[in-house]
Amino acid sequence: METTEKMSNGTKLILVWTIIFGLMFGFLPVFFKGQTFERLHIFLFNLCAGGTIILNFTEKGKPALLFFCGALIYAIFAFFEYYLASILIALILFVIVERVRIKKFSFFPYIFFKNSAKVSEKFHHASLLCLSIGLLISAFAILDSQYLKWVNSPKLTLNTFFLGFSFPLSLITFFAVFSFIPEDTNKFVNFLKNFCFWALNLGVIIFFAFILFEIPYLELFISIVLLCSVGIVFYLHLKFGENIQQKYILISGILFLFLTAITGIIYILYYLSFEPFDHKVILKLHAVYSLYGWNLSGLIIIVRFNEFPLSFNMKKALFIHWLTVGIIAPFGYYYELFGIIALILYSIFLYSVFFNDNNYTKK
């Protein structure tokens, strides 16, 4: 276990409201035509809530608090296009994350290359490293797109990093998945676990490079490789994962990840067909399934890591999660009523999984 200290209810409440406001800003353009709140929508979830949860899980105390305050300021400055201030805040956040990462692990990620090291720990270190690198690259992206104009790529902008900051959350979710797969002396199982670590990390990095250089055929190839890697993770989790509450929450999360991968592949196929299509619909589905489905499943585990088993009806909670994220929330981007219903159901779901006590009643 990473820590024995539980997260306070006050901290949980702040994070829950941050997530709820993030989703709310995603629906606001329906009510305020012509306005966009995309940066607040994504950054509140990915950076403010998600980044803080990762930091808090690694080292409780001032670093996580400072990171949350800084990330919130960064999100607001980026929204109002105060770019020089955004760059400065991003660099400060980078230093905070690096301090925590080096204290917990090391400056150079030696653990990545040790077969004897736990794969879950590799994902934890990778999550922190990805978060700090993402902050550094986002600062450069703002600097280049707004001032320097060195890189001749329309993709290298702050908007490219809307979902880029979701990757650290995805990695910490993989940490959760592999934390509940017991250490095994079976060499083939260990090989598969390490293969998944490298395939998922390098795959996403290469995929991002192909996006920057706009090479859709290679994007499609890497997307299929990533989908196969997720399939292996799902197999390992089903076959070897401990039969506890966390397993079923993560099964639900991995199913959301499959939908994320499939919608991504569909988007690329449509793009390659050169047929006109509303790409925003597919991208919305892709983002919703990734952020509020897959990543949130992992964050639930991380926030309550030492509090399981929990006294909530898991089947009902997961049903609400799928009803909200899988069906209602995507319509909320286009219809006011669906947005309102999604926010209500999402609030109920978040309260049930973040605040129910840990007196086990029913799996």
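Q: What percentage of the 363 residues of the protein count as buried?
A: This is a predicted model, so let's read its burial with that in mind. A residue counts as buried when its relative accessible area is under 20%. Among the 363 residues of the protein, the share that meets this mark is 55%.

Q: Which secondary-structure elements does the protein have, helices or strands, and how many?
A: Along the sequence, the pattern reads α-α-α-α-α-α-α-α-α-α-α-α. The strand count is 0, and the helix count is 12.

Q: What radius of gyration does the protein have, next to that of a compact globule?
A: The C-alpha atoms fill a box of roughly 50 × 45 × 45 Å along the principal axes. For 363 residues, a compact globule would have a radius of gyration near 21 Å. The protein agrees with that expectation, because its own value is 20 Å.

Q: What share of the contacts with a separation of 6 or more joins residues 24 or more positions apart?
A: A contact here means heavy atoms within 4.5 Å. Taking the contacts in the protein with a separation of 6 or more, the part from residues 24 or more positions apart is 77%.

Q: How much of the accessible surface belongs to carbon and sulfur atoms?
A: The whole accessible surface of the protein comes to about 16600 Å². Of this, the carbon and sulfur part is 70%.

Q: How far apart are the mean positions of the positive and negative charges?
A: The protein has 26 positive and 18 negative charges. Taking the mean position of each set, the separation is 7 Å.

Q: Which helices does the salt bridge between lysine 284 and glutamate 38 tie together?
A: The closest N and O atoms of lysine 284 and glutamate 38 are 3.3 Å apart, inside the 4 Å limit for a salt bridge. Glutamate 38 counts as partly exposed because its relative accessibility is 24%. The two residues are 246 residues apart in sequence, so the pair links distant parts of the chain: helix 10 (residues 279–303) and helix 2 (residues 38–58).

Q: Where do arginine 101 and glutamate 98 both lie?
A: These two form a salt bridge with closest N and O atoms 2.7 Å apart. Arginine 101 is buried at 1% relative accessibility, and glutamate 98 is buried at 10%. They sit 3 residues apart, about one turn, in helix 4 (residues 83–104).

Q: Which residues are linked with Arg304 in a network of salt bridges?
A: Arginine 304 and glutamate 307 meet in a salt bridge at 2.6 Å, N to O. Both count as buried, with arginine 304 at 3% relative accessibility and glutamate 307 at 6%. The network that holds Arg304 also includes Glu307 and Lys12.

Q: Which residues does asparagine 201 touch, not counting those up to four places away in sequence?
A: Asparagine 201 belongs to helix 7 (residues 187–212). Its relative accessibility is 10%, so it counts as buried. Beyond its sequence neighbours, the residues it touches are Phe123, Ala126, Phe167 and Leu171.

Q: Is phenylalanine 113 buried or exposed?
A: Phenylalanine 113 lies in the loop between helix 4 and helix 5 (119–148). Leaving aside neighbours within four places in sequence, phenylalanine 113 is in contact with Phe108 and Trp198. Its relative accessible area is 54%, and the mark for exposed is over 50%, so phenylalanine 113 is exposed.

Q: How far apart in space are phenylalanine 113 and asparagine 194?
A: In sequence, phenylalanine 113 and asparagine 194 are 81 residues apart. From C-alpha to C-alpha, their distance is 9.6 Å.

Technical notes:
Residues numbered from 1 in each chain as written. Predicted model: local features only at pLDDT ≥ 70, side-chain atom pairs only at ≥ 80, totals over all residues. Heavy atoms only, no water. Helix = DSSP H or I, 4+ residues; strand = E, 2+ residues; numbered from the N terminus. Rg over C-alpha atoms; globule rule 2.2 N^0.38 Å. Buried < 20%, exposed > 50% of the residue type's maximum accessible area, 1.4 Å probe, protein only. Areas by Shrake-Rupley, 256 points an atom, 1.4 Å probe, with all protein chains shown as cover. Lys, Arg positive; Asp, Glu negative; His and termini not counted. Charge placed at Lys NZ, Arg CZ, Asp CG, Glu CD. Salt bridge = Lys/Arg side-chain N within 4 Å of Asp/Glu carboxyl O.
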